[in-house]
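Subject: The structure, and what turned up in it

Hello,

Here is the structure I promised to pass on to you. Please open it first, and then read on for a short tour of what was found.

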Amino acid sequence: MVKIYTDGACSGNPGRGGWAAIIIDGEEIEKISGSSENTTNNRMELIAVISALKYVKKENIELFTDSKYTKDGIEKWIVNWKKNGWKTANKQDVKNMDLWQNLDKLNEKKNVQWNWVKGHSDNKYNNMADELARSKI
């Protein structure tokens, strides 16, 4: 099973942002990253996950994120968003709908085990993803 650690970062919110993913496949470790102007932290978190899932060709993935927004969104909230025509419980448009729809399609094609990891703690790979994402700002 491939393990992926993702993170997004922003200087200002909105502001310049960076994202990163650390991909561990057996003994092999790959790093992917990127940046965007005038973005938000949540968008960078989602883009990190989407980019990693697109990059990895294998289907069985254990994904680690320090973003409860991302984990709760894909595991809990998205069901009702889709039922409600991409509206929140308050009848507002879902923020970052374009990214959520993209992530939803990728999540349906792969067998992703979603895990939350505490950010800025002692997790080596989460810290590596954080440093790489911040370096892209």
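Which side chain meets that of D98 in a salt bridge? The partner of D98 is R43, with 3.0 Å from N to O. Before going further, please keep in mind that this is a predicted model.

**The salt bridges**

The D98 and R43 pair ties together parts that are 55 residues apart in sequence, because D98 sits in helix α3 (residues 97-109) while R43 belongs to helix α1 (residues 41-55). D98 is partly exposed, at a relative accessible area of 43%. R43 is also partly exposed, at 23% relative accessibility. In general, side chains of opposite charge can pair when their charged atoms come close.

Over the whole structure, the search finds 9 salt bridges. Another one of them brings together the side chains of K82 and D104, at 2.9 Å from N to O. Here, too, distant parts of the chain are linked: K82 is in helix α2 (residues 68-83) and D104 in helix α3, 22 residues apart. On the α2 side, K82 is partly exposed at 35% relative accessibility. Is D104 buried or exposed? D104 is buried, because its relative accessible area is 11% and the cut-off for buried is under 20%.

A further salt bridge joins the side chains of R134 and D130, with 2.9 Å from N to O. This one stays inside a single element: both R134 and D130 lie in helix α4 (residues 124-135), 4 residues apart, which is about one turn of the helix. R134 is partly exposed, with 45% relative accessibility, whereas D130 is buried, with a relative accessible area of 7%. Going back to K82 and D104, salt bridges with shared partners connect these two and E108 into one network.

**Where α2 meets α3**

That network leads on to the packing of two helices. How many degrees is the angle at which α2 and α3 pack? The angle is about 95°, and the axes of α2 and α3 are 11 Å apart. The two helices are therefore roughly perpendicular to each other, since angles of 65 to 115 degrees count as such.

If you would like to find the contact on screen, look on the α2 side for Y69, T70, G73, I74, I78, W81 and K82. On the α3 side, the residues they meet are W100, L103, D104, N107 and E108. Sorted by class, this contact of α2 with α3 has 6 nonpolar, 3 polar and 3 charged residues.

**N60 and its surroundings**

Next, please have a look at N60, which belongs to strand β4 (residues 60-65). N60 is partly exposed, with a relative accessible area of 40%. Which residues does N60 contact, leaving aside its neighbours within four places in sequence? They are M1, V2 and N111. With N111 there is a polar contact from side chain to side chain, at 2.9 Å. N60 and K110 are 50 residues apart in sequence, yet their C-alpha atoms are 6.4 Å apart in space.

**Backbone details to look at**

Some spots in the backbone may catch your eye. The peptide bond between N13 and P14 is cis, with an omega near 15°. You will find P14 in the loop between β1 (2-12) and β2 (15-25).

P14 also comes up when you look at T39, a residue of strand β3. T39 is buried, at a relative accessible area of 5%. Beyond its neighbours within four places in sequence, T39 is in contact with C10, N13, P14, G15, R16, G17 and M44. Both residues of the cis peptide bond, N13 and P14, are thus among the contacts of T39.

N38 is in strand β3 (residues 28-39) as well. Although N38 is not a glycine, its phi is positive, at about 45°. N38 counts as exposed, with 64% relative accessibility.

H120 is not a glycine either, and its phi is positive at about 55°. Where does H120 lie? Its place is in the loop between β5 (111-116) and α4. H120 is exposed, with a relative accessibility of 64%.

Happy exploring, and best wishes!

How values were computed. Residues are numbered from 1 along each chain as its sequence is written. This is a predicted model: local features need pLDDT of at least 70, side-chain atom pairs count only at pLDDT 80 or more; totals for chains, interfaces and linings use all residues. Side-chain values use heavy atoms; hydrogens and water are left out. A salt bridge is a side-chain nitrogen of Lys or Arg within 4 Å of a carboxyl oxygen of Asp or Glu. Buried means under 20% relative accessible area, exposed over 50%, partly exposed in between (1.4 Å probe, protein chains only). Contact means heavy atoms within 4.5 Å. A polar contact is a pair of N or O atoms within 3.5 Å; within protein, one must be able to donate a hydrogen and the other to accept it, and residues adjacent in sequence count only if both atoms are side-chain atoms. Axes are lines fitted to C-alpha atoms, for helices over the stretch in contact, and angles run from 0 to 180 degrees between N-to-C directions. Angles under 35 degrees count as roughly parallel, over 145 as roughly antiparallel, 65 to 115 as roughly perpendicular and the rest as oblique. Ala, Val, Leu, Ile, Met, Phe, Trp, Tyr, Cys and Pro count as nonpolar, Asp, Glu, Lys and Arg as charged, and the others, Gly among them, as polar.
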